[in-house]
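Visitor: Could you take me through the aromatic side chains of this protein, and through one ring pair in particular, with some sense of the whole around it?

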Amino acid sequence: MSVKNLEERMKAAGGAIKMLRDSQTGPNPYPVVKPEYTNWRDEQWAWQNTAILFNQSFHMSDLFVSGPESFEFLQYHGINSFKGFEPGKAKQYVPVTWDGHVIGDVILVYLAKNKFDLVGRPPVINWISYHAETGKNPKTGKKWQVKLVRDDRSADRKNPWARKFFRFQIQGPNAMKVTTKLLKKAPPELKMFNWTYVKIAGKQVGALRHGMAGQPGYELFGPMKDYEAVHSAIVKAGEEFGLRLVGGRAYSSNTLESAWIPSPMPGIYSGDDKYVKYRKWLKADCFEGNASLGGSYYSNNIADYYVTPFDLGYGFMIKYDHEFIGKAALEKIHNNKHRIKVTLELVSADVQKVLASQYDTKGSPGERGKFFEYPSAVYSMYPQDKVLSKDGSKQVGISTWVGYTSNERKELTLAYLEPEYAAEGTEVIFVWGEENGGSLKPTVERPHKQFQIRAKVCKAPYVQEVQKAYADAGSWREAGK
């Protein structure tokens, strides 16, 4: 019997953990954009040294929210304060479940009065859509007066080009020079996460002051019919400043330097009747149903994979100045000790042992380690690897994103650790590879063995220039509240 919704799919698979662990889905896809335009090493180099063009037109979903209660509706479903939020501004928007577990995060752009755009991965888009369709305004007791227009990512549509908006990012030390030439005048002086309209190639384009690799830049967006004209103009303007196009391979690794954790598991796979109703609303082939769980961290309790905003470094965003779903749960744990987001710098000699195991023709196939893809070694939608104490006797955290930065010549991971192990310079162990020879995911070679890799706790962000950029701006942290 075919399953119709996520709840049925989970039961048919024998539970959420088994469904996710044996999922046939790999990491998040980056369709249309080439894997590499030159090579991923040079593309990584460019975002620290010259300038790059990220093409974000295809891998993220948009949800346009409008209507007389749209402001109040979005405020009620996010941890962020909306004080001072008005057209011309944007923020990193974080909804949580009734139990305070993160659904995900997106960029929320205030387009015009009572008109917003949420941009990001589908879990938040699904959660907001559900509450718009089924929820009620707690003040009136009536259905929310909002209208939704959904623009799904290219991976979820037959025609990958059938998007409403293009979205480009110009980043890097030369980004302002590129933008000045592109606009034929100095770029607008905007604070981080503020935006305005500009003219490019005769087209009206939204320009959001933003930064992804810790460098200054703009995110440019506009109707898809203007894609080619604007894209070509950016490429031409960037020629003399060393602008490089960035492909899908390098793009997914930029977060290692800037410390954004892209894909936390949404806390919706368990819970009481409220959660069951949501899972029955979600289609069987939704993002949450097709997602995959990978890594060395194993638990029989799916809730152990969930995170709170504190784990992701978003505690500063939580503002109790408004009612929102999950408020009571977060207030209850607010003063507790929380896991702390860090970067782990893996010991290169230990990483090299894993790589060397791929060439050991004398050992059995089961002696090889899980292969490190380059530059991003993430092979599932929800990566979760164990982090142990230095002596290996205790689990002290979870790593969620791992990969290589050619700029730093290091294999790095983003992790959240127990506070007593999160101090800079602390030595820990990162466990690489899955148990019992590996799961049934096609991205996992069977058999392989686990390797323990020594690691040093470092700051998040890892790169000094990124740390300085974020500190100087006061920036996205203030804007994201």
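Guide: What follows goes from the source of the model to the ring pair and then to the whole protein.

This is a predicted model, in which local features need pLDDT of at least 70 and side-chain atom pairs count only at pLDDT 80 or more, while totals for chains, interfaces and linings use all residues. Residues are numbered from 1 along each chain as its sequence is written, and side-chain values use heavy atoms, with hydrogens and water left out.

The structure holds 37 aromatic pairs, where rings of Phe, Tyr and Trp (its six-membered ring) pair if their centres lie within 6.5 Å, and planes under 30 degrees apart count as stacked, over 60 as edge-to-face and the rest as tilted. Phe54 and Tyr251 form one of the edge-to-face pairs, at 5.0 Å centre to centre and with 85 degrees between the planes. This pair links distant parts of the chain, 197 residues apart, with Phe54 in strand 1 (residues 51-55) and Tyr251 in helix 8 (residues 248-251); helices (H or I, at least four residues) and strands (E, at least two) are DSSP runs, numbered from the N terminus. Both Phe54 and Tyr251 are buried, meaning under 20% relative accessible area (1.4 Å probe, protein chains only).

Elsewhere, ring pairs link Phe71, Phe82, Phe85, Tyr93, Tyr110 and Phe116 into a cluster.

As for the whole, the protein has 15 helices and 19 strands, and buried residues make up 58% of its 481 residues. Its C-alpha trace spans about 65 × 60 × 45 Å along the principal axes.

Terms used
Buried means under 20% relative accessible area, exposed over 50%, partly exposed in between (1.4 Å probe, protein chains only).
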